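Biologist: I am new to this one. Could you take me through the model?

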Amino acid sequence: MRSCLLWRAVSAACLLLASGAAAYAADAPDATHHTSFASPSRFGEEDGEAIYRNVCAGCHQPDAKGAVGAGAYPALAGNAKLEAAGYPVTLVLHGHKAMPPLGGFLSDQQVADVVNYVRSHFGNSYADPVDEATVKSAR
Ligand code: HEC
């Protein structure tokens with residue numbers, strides 16, 4: 001919000017934004033539990049499904065079937081490459097080509113949760129979940 005203060009001096013719209021954010025923050029149970037992009041370094045979602053919906057679905061689509069348009073977003077649905085859990089973990093942490101590295105935004109647990117979610121939904125049923133330690137060692 002600090003950068004917003006300057007802007008606020010010249011823009012009533014910013015004031016509205018700022019007060020909206022303040023009201024939102026007051027609702028949040030604590031600073032680490034945002035449900036939006038409000039936190040600069042971490043997504044606040046707490047389970048794999050929410051992380052998928054808010055972080056991945058914009059590119060891979062809500063049904064995980066991918067999309068081709070301005071870019072090519074591979075389907076995660078029914079994707080045999082997810083069998084080796086290390087592959088999606090590495091992709092999420094470090095990115096690849098047009099897939100952005102998300103490791104700086106997600107905790108080890110969040111990476112594990114979202115990888116476990118995609119590996120057990122959308123027609124994927126890989127039974128060996130990834131844990132936090134696996135993600136940590138892949139960073
Ligand atoms: C900004 C768009 C974008 C976002 C957000 C995004 N991805 Fe991707 N993802 C891509 C693109 C593009 C590729 C293909 C990269 C390549 O060409 O190697 C990809 C590839 C992948 C692959 C490899 C698929 C394959 O068949 O090789 C996995 C797994 C994956 N993404 C998982 C995720 C997960 C899980 C999330 C959310 C935590 C996520 N992605 C968020 C764009 C995105």
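Modeller: What follows is a short round of questions and answers on this predicted model.

Biologist: In what order do the helices and strands run from the N terminus on?

Modeller: The chain has six helices and two strands. From the N terminus on, the order of its elements is α-α-α-β-β-α-α-α.

Biologist: Which element gives the most residues to the shell around the ligand?

Modeller: Three elements give two or more residues to that shell: α3 (48-60), α4 (86-94) and α5 (108-119). Six residues come from one of them, the top contribution, and that element is α3.

Biologist: How many residues of the ligand shell are nonpolar, polar and charged?

Modeller: There are 24 residues around the ligand, with Cys56, Cys59, Lys97, Ala98 and Met99 coming nearest. By class, the shell holds two charged, five polar and 17 nonpolar residues.

Biologist: Is Lys97 buried or exposed?

Modeller: Lys97 sits in the loop between α4 and α5. Its phi is positive, near 50°, though it is not glycine. A residue with 12 or fewer other C-beta atoms within 10 Å counts as exposed. Lys97 has 7 such neighbours, so it is exposed.

Biologist: What is the exposure class of Gln61?

Modeller: Gln61 lies in the loop between α3 and β1 (67-68). Here too a residue other than glycine has a positive phi, near 80° for Gln61. Within 10 Å there are 16 other C-beta atoms, so Gln61 is partly exposed.

Biologist: What percentage of the residues in the chain is buried?

Modeller: The chain counts 139 residues. Buried residues make up 20%.

Notes: Residues are numbered from 1 along each chain as its sequence is written. This is a predicted model: local features need pLDDT of at least 70, side-chain atom pairs count only at pLDDT 80 or more; totals for chains, interfaces and linings use all residues. A residue is near a molecule or strand if its C-beta atom, placed from the backbone, lies within 6 Å of it. Helices (H or I, at least four residues) and strands (E, at least two) are DSSP runs, numbered from the N terminus. Ala, Val, Leu, Ile, Met, Phe, Trp, Tyr, Cys and Pro count as nonpolar, Asp, Glu, Lys and Arg as charged, and the others, Gly among them, as polar.
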